Amino acid sequence: MSTSDILATAGVTILLVAFLLQILKVIKVESNWYSLMNLVGAALAGISAWMINFMPFVILESVWVVVSLFNLLKNLKSNNARGTRA
């Protein structure tokens, strides 16, 4: 198995676990864990797509990373304003 296969498998697994946990109501879409899992999973899948020069998925995963990062930072800022931890 190539490095890009390993990264893609890890990334997609993280994305699917996050989705499953959200569907089972273990974590909420608004949670930091959900955003972090999406960010890491999409980043790994995006790096894998970059390694095999598959630009449609590089774009898809890059947007997914940016949206996840935005949501995570928004959550952290909101939690800090309220004086709570994530």
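Biologist: Why does N75 count as buried?
Modeller: This is a predicted model, and the value is computed from it. N75 has 12% relative accessibility. Buried means under 20%. The value falls under that cut-off, so N75 is called buried.

Biologist: Where does N75 sit, and what does N75 contact beyond its neighbours in sequence?
Modeller: N75 belongs to helix α3. Setting aside residues within four places in sequence, its contacts are E30, S31, N32 and S35. N32 and S35 are also among the buried residues of α2.

Biologist: What makes S68 buried?
Modeller: S68 has a relative accessibility of 6%. The limit for buried is under 20%. S68 therefore counts as buried. S68 is part of α3, which runs over residues 55–82.

Biologist: Which residues does S68 touch, apart from those within four places in sequence?
Modeller: They are S35, N38 and L39. Each of these three appears in the list of buried residues in α2.

Biologist: Is L39 buried or exposed, and how do you know?
Modeller: Its relative accessible area is 17%. Exposed would need over 50%, and buried needs under 20%. L39 is therefore buried. This residue lies in α2. Its contacts are V65, S68 and L69, once residues up to four places away in sequence are left out.

Biologist: How far apart are L39 and N75?
Modeller: In sequence, 36 residues separate L39 and N75. In space the C-alpha atoms are 14 Å apart. N75 is not in the contact list of L39, which holds V65, S68 and L69.

Biologist: Which residues of α3 are buried, and what covers them?
Modeller: The buried set is V58, E61, S68, N71, L72, N75 and N79. The cover includes α1 (3–23) and α2 (32–51).
Modeller: A general point helps in reading such a list. An α-helix has 3.6 residues a turn, so residues three or four places apart point the same way.

Biologist: What do the buried residues of α2 pack against?
Modeller: They pack against α1 and α3. The buried residues of α2 include Y34, M37, G41, A42, A45, G46, S48 and A49.

Biologist: Why are α2 and α3 called roughly antiparallel?
Modeller: Their axes cross at roughly 155°. Angles over 145 degrees count as roughly antiparallel. The crossing angle passes that mark, so the label holds for α2 and α3. Their axes come within 8 Å, and the crossing is left-handed.

Biologist: What makes α1 and α2 roughly antiparallel?
Modeller: The axes of α1 and α2 cross at roughly 155° and come within 8 Å. With the limit at over 145 degrees, α1 is therefore roughly antiparallel to α2. The crossing of α1 and α2 is left-handed.

Biologist: How do you know that the span of α3 agrees with expectation?
Modeller: α3 has 28 residues. At 1.5 Å a residue, α3 should span 40 Å. Its end C-alpha atoms are 40 Å apart, so the two agree.

Biologist: And what is the span of α2?
Modeller: α2 has 20 residues and reaches 28 Å from first C-alpha to last. That is close to the 28 Å expected at 1.5 Å a residue.

Biologist: What follows each of these two helices?
Modeller: N53 comes just after α2, with a positive phi of about 60°. G83 follows α3, and its phi is positive, near 80°.

Biologist: What makes the F54 and F57 pair stacked?
Modeller: The count of aromatic pairs is 1. In that pair, the ring centres of F54 and F57 are 5.2 Å apart, and the planes are at 25°. A pair needs centres within 6.5 Å, and stacked needs planes under 30 degrees apart. Both conditions are met, so F54 and F57 form a stacked pair.

Biologist: Why are F54 and F57 called partly exposed?
Modeller: F54 has 37% relative accessibility, and F57 has 40%. Buried stops under 20%, and exposed starts over 50%. Both values fall in between, so F54 and F57 are partly exposed.

Biologist: What is the overall secondary structure of the chain?
Modeller: The chain has 3 helices and 0 strands, in the pattern α-α-α along the sequence. Its C-alpha atoms fill a box of roughly 45 × 25 × 15 Å along the principal axes. Of the 86 residues, 29% are buried. Among contacts with a separation of 6 or more, 57% join residues 24 or more positions apart.

Methods
Residues are numbered from 1 along each chain as its sequence is written. This is a predicted model: local features need pLDDT of at least 70, side-chain atom pairs count only at pLDDT 80 or more; totals for chains, interfaces and linings use all residues. Side-chain values use heavy atoms; hydrogens and water are left out. Helices (H or I, at least four residues) and strands (E, at least two) are DSSP runs, numbered from the N terminus. Buried means under 20% relative accessible area, exposed over 50%, partly exposed in between (1.4 Å probe, protein chains only). Contact means heavy atoms within 4.5 Å. Rings of Phe, Tyr and Trp (its six-membered ring) pair if their centres lie within 6.5 Å; planes under 30 degrees apart count as stacked, over 60 as edge-to-face and the rest as tilted. The expected span of a helix is 1.5 Å times one less than its number of residues. Axes are lines fitted to C-alpha atoms, for helices over the stretch in contact, and angles run from 0 to 180 degrees between N-to-C directions. Angles under 35 degrees count as roughly parallel, over 145 as roughly antiparallel, 65 to 115 as roughly perpendicular and the rest as oblique. A crossing is left-handed if the near helix is turned anticlockwise from the far one by less than a right angle, and right-handed if clockwise.
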